[in-house]
Amino acid sequence: MRLFTTLILIVIHLDLLGQETKFVLKEGQGFTEEYDVLKSDKKVKHGTYVKYRQPFGQYVIIESGAYQNGEKHGQWETFYNETSRKTWNKLKEKGNFVNGKKNGLWTYYYLDTAANTTNVEKSGANGKSKSVYVSIDQKNEKLRQAGMFLNDKRVAEWVSFDHEGEVFQRYNFSKSKLVFEKSLEDSTSYNANRKPLFIGGLLCLSNFLANNVNYVQIVSKVDRDSTYATINFIIDEQGKTQSVDIVTNYDNKPFKDEIQRLISLTDFYWLPGLKEGLKIALPCKLIYNIVRSVNDQNFKSWRTSFEIVE
């Protein structure tokens with residue numbers, strides 16, 4: 001059986017004419033991949049691609065796109081891969097690749113809990129399904145960030161939005177200039193005097209940390225229902241994190257190591273602080289919380305949150 005999605009244009013041939021391909025169905029740990037490879041070189045993906053899960057027999061798309069001679073090409077869409085049924089098939093980001101590099105407009109979305117409509121059509125002879133078409137009607141998606149890429153580099157002005165749809169930050173990557181930042185009251189001093197700022201704003205920082213934390217590493221070592229970490233660090237003149245100090249409410253080295261790794265990933269995503277237009281090193285502080293909850297079916301889950309203190 002083969003799964004197709006209408007998240008992308010299935011009619012895109014990507015120069016398939018003249019190149020014979022073979023369909024591959026690959027089972028992974030908790031997910032399935034379906035794609036085409038060249039018959040002449042079965043290591044080279046060439047054609048449509050989809051990765052999905054099937055909890056309780058339902059199709060939950062993880063990502064969908066296409067390859068051209070082994071490189072991502074054309075429109076790709078990635079979805080939130082969450083366990084909650086309410087979050088299934090929620091669009092996370094979409095944009096275009098050209099020869100394996102991000103190019104053109106890319107858009108990123110908040111995880112909205114409003115229900116989507118997922119349509120599934122099966123086709124085949126003698127009552128057997130040989131192919132499945134999945135189409136997803138996105139409803140009430142909330143735009144988090146949008147901007148242009150040129151060969152994997154962010155260029156021109158990028159805009160970030162809060163949950164209410166209001167502009168939170170505008171930053172011009174081509175000019176290395178902060179155009180607007182909602183958290184700063186004095187707009188005349190954006191590029192003269194300011195604290196260190198995460199590119200995209202506070203909500204993008206929270207999203208970055210949540211998407212990159214190794215939950216398995218953390219929750220497997222936490223032996224209590226809740227804990228927290230206070231993280232002090234310095235953003236230097238180049239926008240890198242320095243002198244990271246982690247204080248937790250109990251001693252757990254693996255937990256601290258994971259937080260240390262996580263904070264180091266934010267290097268170069270920061271705008272350094274400024275004083276009279278000159279870059280200076282300034283301190284920052286984050287609080288990371290992790291809480292274990294139990295639902296009515298006695299199912300245990302973890303909730304995490306990040307808060308910028310200063």
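Is Phe 208 buried or exposed? At 14% relative accessibility, Phe 208 counts as buried, because the cut-off for buried is under 20%. I start there since this residue comes up several times today. Before going on, a reminder that the model is predicted.

Let me take the ring contacts around Phe 208. A search of the whole structure turns up 18 aromatic pairs. One of them joins Phe 198 and Phe 208: the ring centres are 5.9 Å apart and the planes are at 55 degrees, so the pair is tilted. Phe 198 is in strand β16, residues 197-198, and Phe 208 is in helix α1, so this pair links distant parts of the chain, 10 residues apart. Phe 198 is also buried, with a relative accessibility of 5%.

Phe 198 has another ring partner, Tyr 269. Here the centre-to-centre value is 5.9 Å and the planes are 10 degrees apart, which makes the pair stacked. Again the pair links distant parts of the chain, as Phe 198 is in strand β16 and Tyr 269 is in the loop between α3 and β19 (270-271), 71 residues apart. Tyr 269 is partly exposed, with a relative accessible area of 32%.

Next, the pocket. The second largest pocket has a volume of about 430 Å³. Its lining has 17 residues, and the closest to the pocket centre are Tyr 108, Arg 144, Gln 145, Phe 208 and Tyr 269. Phe 208 and Tyr 269, both from the ring pairs I just described, are therefore on that list. Which elements supply at least two residues each to this lining? They are β8 (91-98), β9 (101-110), β12 (142-150), β13 (153-161) and α1 (202-212). Helix α1 gives the most, with 5 residues. Sorted by class, the lining has 8 nonpolar, 4 polar and 5 charged residues.

Now the other rings. Ring pairs also connect a cluster made of Tyr 35, Tyr 49, Tyr 67, Trp 76, Phe 97, Trp 106, Tyr 108, Phe 149, Trp 158, Tyr 171 and Phe 173. Tyr 108 from this cluster is also among the residues closest to the centre of the second largest pocket. Two of the tryptophans in the cluster, Trp 76 and Trp 106, have a lysine over the ring. The charged end of Lys 72 sits over the ring of Trp 76, 4.5 Å from the ring centre. Lys 102 lies over the face of Trp 106, at 4.5 Å from the centre of that ring.

On to the cores. In soluble globular proteins, nonpolar side chains tend to be buried together. The largest nonpolar core here has 20 residues. Those with the most contacts inside it are Ile 231, Phe 233, Ile 259, Trp 270, Leu 286 and Tyr 288. The elements that each supply at least two residues of this core are α1, β17 (226-235), α3 and β22 (282-294). Helix α1 therefore appears both in this core and in the pocket lining, because it supplies at least two residues to each. A second, separate core has 17 residues, including Phe 97, Trp 106, Phe 149 and Leu 184. Phe 97, Trp 106 and Phe 149 also belong to the ring cluster.

From the largest core, I pick out Ile 259. It lies in helix α3, residues 253-264. How much of Ile 259 is accessible? The relative accessible area is 1%, so Ile 259 is buried. In sequence Ile 259 and Ala 229 are 30 residues apart, while their C-alpha atoms are 8.4 Å apart in space.

Thr 241 gives another contact across the sequence. This residue is in strand β18, residues 241-248, and is buried at 9% relative accessible area. Thr 241 and Pro 283 are 42 residues apart along the chain, with 9.4 Å between their C-alpha atoms.

Last, two backbone entries. Where does Phe 56 lie? Phe 56 is in the loop between β4 (41-53) and β5 (60-68). Its phi is near 55 degrees, a positive value in a residue other than glycine. At 70% relative accessibility, Phe 56 counts as exposed, because the cut-off is over 50%. Asn 69 also has a positive phi, near 50 degrees, and is not a glycine either. Asn 69 is found in the loop between β5 and β6 (71-72), and with 42% relative accessibility Asn 69 is partly exposed.

Notes
Residues are numbered from 1 along each chain as its sequence is written. This is a predicted model: local features need pLDDT of at least 70, side-chain atom pairs count only at pLDDT 80 or more; totals for chains, interfaces and linings use all residues. Side-chain values use heavy atoms; hydrogens and water are left out. On a 1 Å grid over the protein atoms alone, a cavity is a set of points where a 1.4 Å probe fits but cannot get out, and a pocket is an open set with protein on both sides within 12 Å along at least five of seven lines; lining residues have an atom within 4 Å of a point. Grid points are joined across faces, edges and corners, and a volume is the space filled by probe spheres set on the points. Helices (H or I, at least four residues) and strands (E, at least two) are DSSP runs, numbered from the N terminus. Ala, Val, Leu, Ile, Met, Phe, Trp, Tyr, Cys and Pro count as nonpolar, Asp, Glu, Lys and Arg as charged, and the others, Gly among them, as polar. Buried means under 20% relative accessible area, exposed over 50%, partly exposed in between (1.4 Å probe, protein chains only). Rings of Phe, Tyr and Trp (its six-membered ring) pair if their centres lie within 6.5 Å; planes under 30 degrees apart count as stacked, over 60 as edge-to-face and the rest as tilted. A charge sits over a ring if NZ of Lys or CZ of Arg is within 6 Å of the ring centre and within 35 degrees of the ring normal. A nonpolar core is a set of buried Ala, Val, Leu, Ile, Met, Phe, Trp, Tyr and Cys residues joined through side-chain atoms within 4.5 Å.
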